[in-house]
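Ready for a few hands-on exercises? Try each one yourself first, then read through the steps.

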Amino acid sequence: MVLEAGRVAETWRTRRWDSFCLVTPNWSVMLPGGSYAGPDPEGFMPRDALIAHIESWAAGFRPPVRDHTHISSLEHQDGGFQLETSAGRLLARTVVVASGGYQRAHLPPGTKDFPQDVTQLLAEEYRTPGALQDGAVLVIGSGQTGCQLAEELHLAGRKVFLACGHALWAPRRFGGHDLVWWLLESGFAHRGVADLPSPKARLLSNPLATGRDGGHDLHYRTLHAMGVQLVDRFVGAEDGKVHFGEDVSATIAAGDALSAVLKKWIDALCEKRGLPIPWELPPALRIDGRTELDLAREQVRTVIWTTGYRPHFDWVHLPVFDDMGFPIQVAGKTNVEGLYFMGVHFQRKSQSATLYGVAEDAEIVASHIVENRR
Ligand SMILES: Cc1cc2nc3c(=O)[nH]c(=O)nc-3n(C[C@H](O)[C@H](O)[C@H](O)COP(=O)(O)OP(=O)(O)OC[C@H]3O[C@@H](n4cnc5c(N)ncnc54)[C@H](O)[C@@H]3O)c2cc1C
């Protein structure tokens, strides 16, 4: 059985903003038996279309879902597992924890140091520009979500400040293909944790781009050109002032360096297939970003935190987690017999917690369970 705290596709229903659409193209929705087959493969499904897609996929094979069933504890019991759920206690021989790769919003220290009259929101609490207090908005965190919200708020006529971090970016389309095609074909999406400079590199953002209005480039240069004020990393807040790092240009350059790594993969693919090099990194972007923001003077009344996610498996009372809170597993299988994970960021590959990578992992986990049926 499938236990679900909310409803099928819950995260897309309740943890995304109103205008949300996929960052990845429709053709890359490759759920097992639920690939996109609509009329716009190069398009980007809006939130409600994606929910409808997942609903009709589930209706097609009718998995035994028990919705509105929250699991508060999972532990060992007589060679199997005991689960405490909002619908009572359950026993299981095999458990697959598939509670999402982007579970808990990560917040740096300092959130308590903002004035009371400034509203602070997590990305998953943001819905639409009109629902915010009037005034300017400070978005803290420049991954895919932060950049998309900064663009949306700017287009809605808000003055927007974006506190930047190190983020990989690339053009939306180049060499006749979407960015995600290049990620897959070049092997970049197939990198495992061991291929990264350190396990911590798992926390870096996915490449910046957007699916909004049919998809377009969205990164530091596009945001700067449209008038979003880029500032360096958030350092802290005090007496109504927010402090940022000293050198936003260096932070942007660090993002460019990550893009250069991706570019090497793309260039290697082109060399192998005899294709022309489709994309060159532009010259460095130099900005005199401010290091301090007086919230009252700039009329900033809303701060949106888009500083990434961390694993959250506090309810899994089994010794299978590393010091960052990620499950210790190989292809989804843990050292505890009968316990598996699915949809963990970098479970097998960088693509593991995406709509284009999950099917491969699911097949491996499902086969292992069937072959080792107890
Ligand atoms: C802002 C954002 C944008 C994204 N955009 C894209 C994109 O464009 N393309 C793409 O491929 N991927 C995207 N992703 C990644 C996306 O999360 C995954 O592709 C997809 O949601 C993974 O599905 P999942 O079922 O593994 O996890 P989730 O969708 O997170 O589902 C996990 C489910 O577990 C349930 N659950 C959690 N804890 C418990 C509990 N204790 N008891 C019972 N139920 C529980 C939740 O209610 C939820 O329904 C995005 C992620 C985020 C955060």
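Below are four exercises on this predicted model, each with a worked solution.

**Exercise 1. Find which residues surround the ligand, and which of them are the closest.**

Step 1: Start with the head count. The ligand has 23 residues around it, and the closest are Glu4, Thr11, Val23, Thr24 and Leu355.

Step 2: Sort that shell by class. You should get 12 nonpolar, 8 polar and 3 charged residues.

Step 3: Look at where they come from. With 3 residues, helix 1 (residues 10-14) gives the most to the shell.

**Exercise 2. Work out which polar atoms of the protein lie by oxygen atoms of the ligand, and how much of the ligand the protein covers.**

Step 1: Go to Glu4, where a polar side-chain atom sits 2.6 Å from a ligand oxygen atom.

Step 2: Move on to Thr11. One of its polar side-chain atoms is 2.7 Å from an oxygen atom of the ligand.

Step 3: Now check the backbone. A polar backbone atom of Ala353 lies 3.3 Å from a ligand oxygen atom.

Step 4: Turn to the cover. On its own the ligand has 980 Å² of accessible area, and the protein covers 83% of that.

**Exercise 3. Hunt for empty space: how many cavities of 30 Å³ or more are there, and what lines the second largest pocket?**

Step 1: Count the cavities. There is 1 cavity of 30 Å³ or more, and the largest cavity has a volume of about 70 Å³.

Step 2: Walk around its lining. You'll meet Trp17, Ser19, Phe20, Cys21, Gln148, Glu151, Glu152, Thr210 and Arg212. That lining of the largest cavity splits into 3 nonpolar, 3 polar and 3 charged residues.

Step 3: Switch to the second largest pocket, with a volume of about 430 Å³. It is lined by 24 residues, and those closest to its centre are Leu168, Phe188, Arg191, Leu196 and Leu204.

Step 4: Sort this lining too. The second largest pocket has 14 nonpolar, 7 polar and 3 charged residues in its lining, and helix 6 (residues 248-273) gives the most, with 3 residues.

**Exercise 4. Decide whether Ser352 is buried or exposed, and find what its side chain reaches.**

Step 1: Locate Ser352 in the loop between strand 21 (339-341) and helix 7 (358-371).

Step 2: Check the cut-off. Buried means under 20% relative accessible area; Ser352 has 0%, so Ser352 is buried.

Step 3: Follow the side chain. It reaches the backbone nitrogen of Arg348 at 3.0 Å, and a polar contact of 2.6 Å links the side chain of Ser352 with that of Asp361.

Methods. Residues are numbered from 1 along each chain as its sequence is written. This is a predicted model: local features need pLDDT of at least 70, side-chain atom pairs count only at pLDDT 80 or more; totals for chains, interfaces and linings use all residues. Side-chain values use heavy atoms; hydrogens and water are left out. A residue is near a molecule or strand if one of its heavy atoms lies within 4 Å of it. A polar contact is a pair of N or O atoms within 3.5 Å; within protein, one must be able to donate a hydrogen and the other to accept it, and residues adjacent in sequence count only if both atoms are side-chain atoms. Accessible areas come from the Shrake-Rupley method with a 1.4 Å probe; for residues, only the protein chains shown count as cover. Helices (H or I, at least four residues) and strands (E, at least two) are DSSP runs, numbered from the N terminus. Ala, Val, Leu, Ile, Met, Phe, Trp, Tyr, Cys and Pro count as nonpolar, Asp, Glu, Lys and Arg as charged, and the others, Gly among them, as polar. On a 1 Å grid over the protein atoms alone, a cavity is a set of points where a 1.4 Å probe fits but cannot get out, and a pocket is an open set with protein on both sides within 12 Å along at least five of seven lines; lining residues have an atom within 4 Å of a point. Grid points are joined across faces, edges and corners, and a volume is the space filled by probe spheres set on the points. Buried means under 20% relative accessible area, exposed over 50%, partly exposed in between (1.4 Å probe, protein chains only).
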